[in-house]
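This report describes selected internal spaces, buried residues and one helix of the structure shown below. Individual residues are taken up before the cavities and the pocket.

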Amino acid sequence: MKKTMKDQILESFKRHLTCSLCKRPEKAVDLDRYHALALAIRDLMMQRWIATKDEYEEKHPRTVSYISLEFLMGRTLGNAMINLGVYDAAAEAMAELGFDADVLRDEEVDAGLGNGGLGRLAACFLDSMATLELPSYGYGIRYDYGIFKQIIQNGYQLEEPDNWLSRGNPWEIRRPELSRVIHFGGKVEHHPDDSNPYRRKWVGTQDVLAMPYDTPIPGYKNNTVNTLRLWSAESLYGFNLVKFNQGDYISANLESAMSQNITRVLYPNDNNYEGKELRLKQQFFLVSATLQDIIGRMKYYDEDLRNFDRECVIQLNDTHPALAIPELMRLLIDEENFTWDEAWDIVRKTFNYTNHTLMSEALEKWPVALMEKLLPRHLEIIYEINFRFLRNVATRYIGDTDRLTRMSLIQEGNEKMVRMAYMCVVASGHVNGVAALHTELLQNGLFKDFADFYPGKFVNVTNGITPRRWLCKANPGLSKLISSKIGDDWVRNLDDLEKMLPFASDKKVLKKLAEIKRENKLKLAEYIWEHNGVKVNPDSIFDVQVKRLHEYKRQLLNILHAIALYLEIKDNPDADFVPRTIIFGAKSAPGYYMAKLIIKLINAVADVINEDPAIGDKLKVVFLANYRVSLAEKIIPAADVSEQISLAGTEASGTSNMKFALNGALTIGTMDGANIEIHDAVGKDNIFIFGMDVNEVTALRNRGYNPGEFIAANPLLQRALELIRNNFFSPGEFDVFRPILDSFNYDNYMVAADFASYAETQKKIAELYRDPIRWQEKCLCNIAKMGMFSSDRSIRDYAEKIWNIQPVHVDLSASHGFAQSAGELEDGVK
């Protein structure tokens, strides 16, 4: 008799608890049970994982290697259970033993190997590549400490190490047989082989070992399990035993510690020289290990490296992996004896580059002196790339020296800098923006010279999110409602959500939608009470802005509006005010002074408003500390309003806007990034747009923006700023917010200019909230129109427009000697 999936999980769980963890069931704690369940679920992936690798080895498909310095994976257990189709079976198995699977899932620590949207996008893309059965690998860094743990003390952000590995990681497999040696420093010598004039020897280097750790990435209800390979830095030689025996314990461990520092933390603070050097080492460490790995795999498959670009395509997620370009040139020329032209032809056909910013100051540049010290051979290669490129530019634009200066990969000045983004554009087959407006602005602004020089190189691929995590996992109540009405094909094909549109006139469905939202709000309200000690009204508008703290995202605009609402209530305490709970979640970069001061302001305002008895539950302001993926999964399903309020022309795309809308929140936003495409999808009546568009922003800047004029014209904004100036929110810290007030002398992100429109639009939101039926109609319309914002659609666009790769179906029943295919598992993957 064939075992049910529940029975298989039960048996595997018990075996791992005793055999893998060495625990008697009655002595185990929840952390042990989580590990046993995780290992049981991992077992279900192993056959598929091996079979996927075998399929790639047998068929030699063109594969994509997605290199990213960030992968904000969050927790793995719940997502794996959903993709394997065993979520219910696992929950039943644990219930039979008297355990709650959700409680066990909470034992897992977020893999916080990313800072924000860029890292979360990379994680969504891995999920979609596996779901679409695309042959692919993810490559990143296994940081010992992820993005820091944020604590709030006296309103200020403090950073503590995020020791995410301290409780063990049951998902990873260490691969010492695939470790690679990474070189730094040294000097460059002519190669004794004089037949290749560009070949060099890189000698006298300091070497570090790159140790790979593999994590399985399962597709949704198929047999594909792709690999995320994360590199960890180790010493080649361990510690110095001679010095240790001499009692010099510090020196004995110094070389090992210096090596391990490379992958110690995500984004070391680069406000000093040592931090810059460590960041550059980190970036090169990742790309060198990855390229050696790709070449090693090709040699293992006995493939001709001259077919490199036919076998492999590499996507650079932002400029952090840009050093892969000169490193592949070095490996092909110096190690494999390719000519310059042969190597460059492969590079141009292999690499593609995703840009994530519109701000020139955010484009990475590295000092030439630093690169000469750490990577002397790569600097030579970059100079040669630049020389040849500028010769081509000079030939086309004869006499245009200004253009040569603008387009050079080397920025001249007091300190020469290498422009990494320019190198990516020159060396890549395609460059893509991540939203329609973003791509248009890249071509007409930031990279205009390059777009003119390389017609057809720039393409758009609008970002997307995986519905498996951001709806199935985060919002099971809403997922079940949708599936009960239109079936569950929407999980694979999000366009099917449009079938929900006819239910916008079904009051029973709208009532159920409202009940699900309120249940999610009650859960979040409980979390807020437990962690912030603030009781919030679940029937108030949950007005949410959760994202990285940066001035261009304009959390300052939001908190100033909160002060304005506070003043309105104080002025008219008996007015019929629609209750509102304003929820923030954000981490600031440790060295970003102004962003950290805005966090302090948010918390200071929250303290005053929340403790004012005259306000009651009409208005609350909450800052949820340590925003992360698992917390986002609690917040987003509970949100009524999604704040997407960046200054037009500053946000490349955004993906939180998509997550909120998919979960039935209404967007208040500017015509910026993917907000524009959401506006076009849901219609102007189902989104709240305010403020200037990008053309109006440009026009205002050109004629001379004077923030004082806008402040003078808005008495409520004036009063809000006066309260801050008069230390109303900081009675014990005189003038602590002076830098924020001073910033309104120039107001780079035009908070004052957009304030009146923002406040007026918020009134429209409050008025609509009074009509629950109309509100839910608009929420349902947003959910139904989110099909194009699936990361599956994004990845299809990459595969067709850029990568030119095809799906590879993994059939367990056909080969590999495995007893079960995914389709044969009862209650499992179908």
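Ile-410 counts as buried, at 5% relative accessibility. The model in which this residue is described is a predicted one. Ile-410 lies in strand S16, which spans residues 410-411. Leaving out residues up to four places away in sequence, Ile-410 touches Val-368, Ile-382, Tyr-383 and Asn-386, and also Lys-416, Met-417, Val-418 and Arg-419. Between Ile-410 and Lys-365 the C-alpha to C-alpha distance is 9.2 Å, although 45 residues separate the two in sequence.

**Two further buried residues**

Asn-432 belongs to strand S18 (residues 430-433). Its relative accessible area is 0%, so Asn-432 is buried. The side chain of Asn-432 forms a polar contact of 2.8 Å with the side chain of Thr-354. Thr-354 also appears among the contacts of Asn-432 beyond four places in sequence, together with Gln-315, Tyr-353, Asn-355, Val-459, Val-461, Tyr-798 and Ile-802.

Arg-279 is placed in helix H9, which covers residues 273-300. With a relative accessible area of 18%, Arg-279 is buried, because the cut-off for this class is under 20%. When residues up to four places away in sequence are not counted, Arg-279 touches Tyr-267, Pro-268, Asp-270 and Trp-366.

**Helix H27**

Helix H27 comprises residues 694-703, and its buried residues are Val-694, Val-697 and Leu-700. These residues lie on the same side of H27, because they cover an arc of only 125° around the axis. An α-helix has 3.6 residues a turn, so residues three or four places apart point the same way. The buried residues of H27 pack against three helices, namely H17 (436-446), H28 (707-712) and H31 (751-769). On the face turned away from the buried side, H27 carries the exposed residues Asn-695, Asn-702 and Arg-703.

Both ends of the helix can also be described. At the start of H27, a side-chain oxygen of Asp-693 comes to within 3.1 Å of the backbone nitrogen of Asn-695. After H27 comes Gly-704, with a positive phi near 100°.

**Cavities and the second largest pocket**

A search of the whole structure yields five cavities of 30 Å³ or more. The table sets out the volumes of three of the spaces discussed here.

| Space | Volume |
|---|---|
| Largest cavity | about 350 Å³ |
| Second largest cavity | about 130 Å³ |
| Second largest pocket | about 1,400 Å³ |

The largest cavity has a lining of 31 residues, and those nearest its centre are Met-73, Gly-74, Arg-75, Thr-76 and Thr-215. Two or more lining residues come from each of helix H2 (30-59), strand S2 (71-74), H3, strand S3 (111-113), helix H6 (117-131), strand S11 (206-218) and strand S12 (225-234). Of these elements, S11 gives the most to the lining of the largest cavity, with four residues. By class, this lining contains 16 nonpolar, eight polar and seven charged residues.

The second largest cavity is lined by Tyr-56, His-60, Pro-61, Thr-63, Tyr-137, Ile-294, Arg-297, Met-298, Tyr-301, Glu-303, Glu-311 and Cys-312. Helix H9, which also holds Arg-279, supplies the largest share of the lining of the second largest cavity, with three residues. The classes represented in the lining of this cavity are nonpolar with seven residues, polar with two and charged with three.

Which residues lie nearest the centre of the second largest pocket? They are Tyr-87, Arg-105, Cys-472, Lys-473 and Pro-476, out of 48 lining residues. Several helices each supply at least two residues of the lining of this pocket: H3 (77-84), H4 (87-96), H5 (101-105), H19 (467-473), H20 (476-486), H21 (507-532) and H24 (629-635). Helix H21 gives the most to the lining of the second largest pocket, with eleven residues. The lining of this pocket has 20 nonpolar and 20 charged residues, along with eight polar ones. Helix H3 contributes to the lining of the second largest pocket and also to that of the largest cavity.

Note on methods: Residues are numbered from 1 along each chain as its sequence is written. This is a predicted model: local features need pLDDT of at least 70, side-chain atom pairs count only at pLDDT 80 or more; totals for chains, interfaces and linings use all residues. Side-chain values use heavy atoms; hydrogens and water are left out. On a 1 Å grid over the protein atoms alone, a cavity is a set of points where a 1.4 Å probe fits but cannot get out, and a pocket is an open set with protein on both sides within 12 Å along at least five of seven lines; lining residues have an atom within 4 Å of a point. Grid points are joined across faces, edges and corners, and a volume is the space filled by probe spheres set on the points. Ala, Val, Leu, Ile, Met, Phe, Trp, Tyr, Cys and Pro count as nonpolar, Asp, Glu, Lys and Arg as charged, and the others, Gly among them, as polar. Buried means under 20% relative accessible area, exposed over 50%, partly exposed in between (1.4 Å probe, protein chains only). Contact means heavy atoms within 4.5 Å. The arc is that of the directions from the helix axis to the C-beta atoms. A polar contact is a pair of N or O atoms within 3.5 Å; within protein, one must be able to donate a hydrogen and the other to accept it, and residues adjacent in sequence count only if both atoms are side-chain atoms.
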